[in-house]
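Please work through the exercises below with the sequence and the model side by side. Each task is followed by a solution that goes step by step.

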Amino acid sequence: MSDRGTLASLREISKAERVLPEAETVEPPSLAPLPEQKVGEAPAADLDPQTASAARYRRRVLLVLSAIALALLLYWASGYVFAYTDDAYVTSDFVNVAPYVSGRIVSVNIVDNQAVAKGTVLAEIDPTPFQLALNEKQAKKTEAEAQLAVDRDVIVATQAQRDDAAAKERLASDNVHRATPITAAGFYSRQGLDTLTAQEQEAKAALADAEAAIAKAQQMLTLHQAAVATISAEIAYLQWQIEQTKLLAPTDGTITNLMLRVGDQAVENAPLIGLVDAHAWRIFANYKESLIRHIQVGHTAWVWLDAYPWHIHRATIQGIARGISRLQGEPKMLPYVEPTTDWIRLERRFPVTLVLQDPDPEVVLHMGSDARTLIIY
């Protein structure tokens, strides 16, 4: 063995001798600090597994109940900060286009879901029956106007007869007045005076007949004038009916659920075409009655349209309903809002009308689509 190996062996033996006394030395046990013990809690050594499990269960129940109470408190307090509802939808005015006249449909100039402008001809009703009636009334009016000319001529003739009878009556009266004093003086015969008196009576009767003829002629003229006025009104009504054979769009909008076909029978005042108004879009948001008192007209609201998710639209509160119907299907001019069942008490909801401010022209609104609204007080 070399000197280097011998030296290494001696070093290992020396280390072993120094370690062995330290390992055999017995140190006194160290005093470790005892775990802290809470007031009213039994020592850990005294708790059995069942008691420890019950304690942990009680702590979990208390935590859950505290979390629920905190959530309820936050939910109640949130009603004083903001109002949110997902019971909202988009709506507009739905116009039922109904004809003013009855007849057969001869043309339909639109298709379903077509956007139309105000005044667009939607459909046409056969105008032939109304045109025939108009022609007949116009012929009667021409005949009545001709009769008016005859009546005026008759009045002119009777007035001439009346003037002649009046002149004769004045002459006869003057003759009687002149003959009466001279007859009393004996310068004129009694028979001549009687003849003059008879002529005066005949002239007065002729004048009365002429006056009666004029009155009758004027009465006939009045009747015929009334007939002409009636016929003129009927002609105007028929002309209006002919104009109404063309169904015009009352406003800008979109045709919805078109079922009208050529050959269908149009009935007066019966809806034929449905039109969604393009300028009356608004949002109805049904808010709980406990939140209504915080909402005011003119406040700003924020709208989320389900048709355009992740886009928030600014809106203004236009109005708040002052009444709802509590019975579904009740025939009243009040909206019915189905109560919610989130909690034990069925809380009523009232419609709040919102109008979008500066709507994006690329956003296409659909009547009846869902929305969500948020109002911050």
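The exercises that follow deal with sheets, a helix pair and a cavity.

The model is predicted, so local features need pLDDT of at least 70 and side-chain atom pairs count only at pLDDT 80 or more, while totals for chains, interfaces and linings use all residues. Residues are numbered from 1 along each chain as its sequence is written, and side-chain values use heavy atoms, with hydrogens and water left out.

**Exercise 1.** Determine the strand order of the open sheet that contains S6, and state which strands stand at its edges.

Solution. Begin with the terms: helices (H or I, at least four residues) and strands (E, at least two) are DSSP runs numbered from the N terminus, and two strands pair if DSSP finds at least two bridges between them. The open sheet has four strands in the order S6-S5-S3-S8, and the pairing is antiparallel. Strand S6 (246-248) and strand S8 (265-266) are the edges, each with a single partner strand, so one side of each is left without a neighbour in the sheet. Next, look at one pair: S5 (residues 121-125) is joined to S6 by three bridges, and Ala123 stands opposite Leu247 in S6.

**Exercise 2.** Trace the open sheet that contains S9 from one edge to the other.

Solution. This open sheet also has four strands, in the order S2-S9-S7-S4 and with antiparallel pairing. Its edges are strand S2 (94-97) and S4, each with a single partner strand, so one side of each is left without a neighbour in the sheet. From the S4 edge, strand S4 (residues 115-116) pairs with strand S7 (residues 253-256) over two bridges, with Ala115 opposite Thr254 in S7. S7 is then joined by four bridges to strand S9 (residues 273-277), where Leu275 is the bridge partner of Ile255.

**Exercise 3.** Follow S12 to the strands on which it forms bridges, and find the residue with a positive phi in the hairpin.

Solution. Strand S11 (residues 300-305) and strand S12 (residues 312-320) run antiparallel and are joined by five bridges, with Trp302 opposite Arg314 in S12. The hairpin of S11 and S12 has six residues between the strands, and there Trp310 takes a positive phi near 70°. S12 is also joined by five bridges to strand S13 (residues 349-356), again antiparallel, and Thr353 in S13 is the bridge partner of Gly319.

**Exercise 4.** Describe how H3 and H4 pack.

Solution. Helix H3 (residues 128-184) and helix H4 (residues 190-244) pack at an angle of about 165°, with their axes 6 Å apart; axes are lines fitted to C-alpha atoms, for helices over the stretch in contact, and angles run from 0 to 180 degrees between N-to-C directions. That makes H3 roughly antiparallel to H4, a term for angles over 145 degrees. By class, their contact has 28 nonpolar, 18 polar and 14 charged residues (Ala, Val, Leu, Ile, Met, Phe, Trp, Tyr, Cys and Pro count as nonpolar, Asp, Glu, Lys and Arg as charged, and the others, Gly among them, as polar).

**Exercise 5.** Which residues line the largest cavity?

Solution. A cavity is a set of points, on a 1 Å grid over the protein atoms alone, where a 1.4 Å probe fits but cannot get out, and lining residues have an atom within 4 Å of a point. The lining consists of Val90, Leu305, Ala307, Tyr308, Val364, Leu365, His366 and Ser369, which divide into six nonpolar, two polar and no charged.

How values were computed. 1 Å grid on protein atoms, 1.4 Å probe; cavity = no way out; pocket = protein on both sides within 12 Å on 5 of 7 lines; lining within 4 Å. Parallel < 35°, antiparallel > 145°, perpendicular 65-115°, else oblique.
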